[in-house]
Amino acid sequence: MKKELDLRGLSCPEPVLRTKKIIDDQAVSSVEALVDSEINVQNLERLARSQKLFVKKESVGDHFRVSIDRQASPSGHDHQTAPHKAGANSAAASGAEATRGGGTIVFIAKDTFGHGSDSEKDHDFSHNLLNVFLQTIEQSGLKPRAILMANSGVKLIDPNSSTYKVLCDLKDSGTTVLACGLCLDYYGLKDKVPVEQVTNMFAICEYLFAADQVLSP
Amino acid sequence: MTTNPQKDRPEDSPRLTSNVKAAGCAAKISAHELKQILAGMPKIYDANLLTSITNFEDAAVYKLHEDQAVIQTVDFFPPVVDDPYLFGQVAATNALSDIYAMGGTPLLALAIFCFPTCDYSLSMAAEILRGGADQVVKAGAMVAGGHSIQGSEILYGMAVTGLVHPKKMLTNGGAKPGDAIIMTKALGTGVSLLALKADLLDHEEQARLFSSLTTLNNRPILVLNGIDIHACTDVTGFGLIGHIHEMTKASKLAARVSINKLRFLPACLELAKEGLVPAGSYANRKSFESNVSYINDLPLEVTDLIYDPQTAGGLLLAVRADDVDEVLRKLGEDRIEASHIGQFLEGIPGHIDVTIH
């Protein structure tokens, strides 16, 4: 069912309240609301986003038409309604179990951030970039749920590596920091990493498949 | 302390807030509009006038003699709540606040009142005035008169006169690099008042809001006697960012604000997220956002609240970083809600970094 609302002439918070009443009814698939101020448009966009609905706006003469839909329209021009800027509001992930699911997972499968050419100088640069990446995560307080390291990525957790300190800081602030045991073994690092930070491919897969998003530098 | 917002409403009277477009300090003319309006004002030079209009001070301060200066301020707005007595209290709390923000003590208040006697009962008018007068008495001052007119909309407030020792006057200017920013009260009255109007606050949320709106700002500076306060203002219509911006500009410094340290009124983040954001918040964002850099990505509702126009908001104090523990302890002992929300730094004057930590 599609509903149309003329909310022109109403002052805040009336347009939001009336629209919310309509979209709370699950039988309503979409709402088209006419409003006469940019503020009402923005408040309706907030409402739609908070309800995880799709929203579109267009100006019509001196007023605006805001369309809120349960589903993305076929034209695909809807605004993204994912939770706004999710990075800052992720819950702390201390002691997380892989099976609990969700959150942002940083998955690092090599010891560089992207890669330059094969020269050693470029490799150092790419490695340093990765260090900057981790430090930026730590300083910005983004708190990913877990950082998973595999293949040459496990070298980051070598106590002699420049990235060791920032990984410790991230761990202290509640992010789970884990390295693939097979990989640690291959690179001769297994004895240098506390056993509670050693994981296996099974757990890595569970984290990755349950994540809200996976970031791989 | 708090009263039921609708208990005294006669059946035939409309709700006090029904006709109001913008509530409380959210009704303020925006900063960028005000700048245009004031551009043509004559320049004032007087050795005894201790405040400058260009610094957007909370009140005017005029030195009478070496030991005494008089503070004058005026503030009024349309009803923010339906209970007339409570509205009177809130308007008085808000008007008196400017005196405290200048470091002074209120002496006399004159009521300013616009009231459509055809639409509302006279007993409602009497309740508004009584609420205001009682609050002024609580502040140790008195309402000594006033002026009332008929109008299409209810407006109420006060012109308040106070006194301060010229050397103890506090302004937006005077903060030093490294000073801590201490804030009293919680943020979110703009969003909460909008939600109240929409009947979206439960009993406890209303109680918290009303308590905040009627808490005088008389205690903090009194309690902090002996501490060197470098600068002070109250958080009102321009919101947290707007008022910190005025402090940084007047003090020729930059500032950093930590979101994690801010206190918010209950439910207001969730309400802002659902679109209960007052027009004044958008106006403040427009006026001040160019002075702000966000170090972290922040949820929209958090940034809505740092621009949220406050009615009878708390104080912002600049104190030495070394004094922070003592300041928070003294305020805490007096049961004043306060937090260390950031610091003033060398940098581009007026610039504010907003960070999570």
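# A guided tour of salt bridges, pockets and a surface patch

Across all chains of this predicted model, the count of salt bridges comes to 26. The tour begins with several of them, then turns to the pockets and ends at a patch on the surface.

**Stop 1: within chain A.** Select A:Arg65 and A:Glu32, which form a salt bridge whose closest N and O atoms are 3.4 Å apart. The pair links distant parts of the chain, for A:Arg65 belongs to strand β4 (residues 63–69) of chain A and A:Glu32 to strand β2 (residues 30–35) of chain A, 33 residues apart. With a relative accessible area of 25%, A:Arg65 is partly exposed. A:Glu32 is likewise partly exposed, at 21%. Now add A:Lys2 and A:Glu58 to the selection: together with A:Glu32 and A:Arg65, these residues are linked in a network of salt bridges.

**Stop 2: between the chains.** Select B:Asp304 and A:Arg46. Their salt bridge has its closest N and O atoms 2.5 Å apart. B:Asp304 lies in helix α10 (residues 300–306) of chain B, while A:Arg46 lies in helix α2 (residues 38–50) of chain A, so this pair joins two chains. Are these two residues buried or exposed? Both B:Asp304 and A:Arg46 are buried.

**Stop 3: within chain B.** Select B:Arg285 and B:Glu289, whose side chains meet in a salt bridge at 3.0 Å, N to O. B:Arg285 has a relative accessible area of 13% and counts as buried because the cut-off for that class is under 20%. B:Glu289, at 28%, is partly exposed.

**Stop 4: the largest pocket.** Display the pocket surface of the model; the largest pocket holds about 1500 Å³ of space. It is lined by 40 residues, and the closest to its centre are B:Leu34, B:Leu38, B:Ile53, B:Phe56 and B:Glu57. Next, select α1 (31–38), β2 (68–77), β7 (229–234) and α7 (239–251) of chain B, since each of these elements supplies at least two residues of the lining. Which element gives the largest share of the lining? That element is β2(B), with six residues. Coloured by class, the lining shows 21 nonpolar, nine polar and ten charged residues.

**Stop 5: the second largest pocket.** This pocket has about 630 Å³ of space. Select B:Gly103, B:Gly104, B:Lys168, B:Leu170 and B:Ile221, which are the closest to its centre of the 28 residues that line it. At least two lining residues come from each of β3 (105–114), β5 (155–164), α6 (219–223) and β7 of chain B. The lining of the second largest pocket divides into twelve nonpolar, twelve polar and four charged residues. Strand β7 of chain B thus appears at both stops, supplying at least two residues to the lining of the largest pocket and at least two to that of the second largest pocket.

**Stop 6: a nonpolar surface patch.** Finally, select B:Ile29, B:Ile37, B:Leu38, B:Met41 and B:Ile53. These residues form a nonpolar patch on the surface, with about 470 Å² of accessible area together. Keep B:Ile53 highlighted and trace the backbone on either side: B:Ile53 sits in the loop between α1 (31–38) and β1 (60–65) of chain B. Why does B:Ile53 count as exposed? Its relative accessibility is 59%, and the class of exposed residues begins over 50%. B:Leu38 and B:Ile53 also connect this stop with Stop 4, as both are among the residues closest to the centre of the largest pocket.

Key. Residues numbered from 1 in each chain as written. Chains lettered and ligands numbered in written order. Predicted model: local features only at pLDDT ≥ 70, side-chain atom pairs only at ≥ 80, totals over all residues. Heavy atoms only, no water. Patch = residues over 30% accessible without salt bridge, like charges linked within 9 Å, V, L, I, M, F, W, Y side chains within 5 Å. Areas by Shrake-Rupley, 256 points an atom, 1.4 Å probe, with all protein chains shown as cover. Salt bridge = Lys/Arg side-chain N within 4 Å of Asp/Glu carboxyl O. Helix = DSSP H or I, 4+ residues; strand = E, 2+ residues; numbered from the N terminus. Buried < 20%, exposed > 50% of the residue type's maximum accessible area, 1.4 Å probe, protein only. 1 Å grid on protein atoms, 1.4 Å probe; cavity = no way out; pocket = protein on both sides within 12 Å on 5 of 7 lines; lining within 4 Å. Points joined across faces, edges and corners; volume = space filled by probe spheres on them. Nonpolar A, V, L, I, M, F, W, Y, C, P; charged D, E, K, R; others polar.
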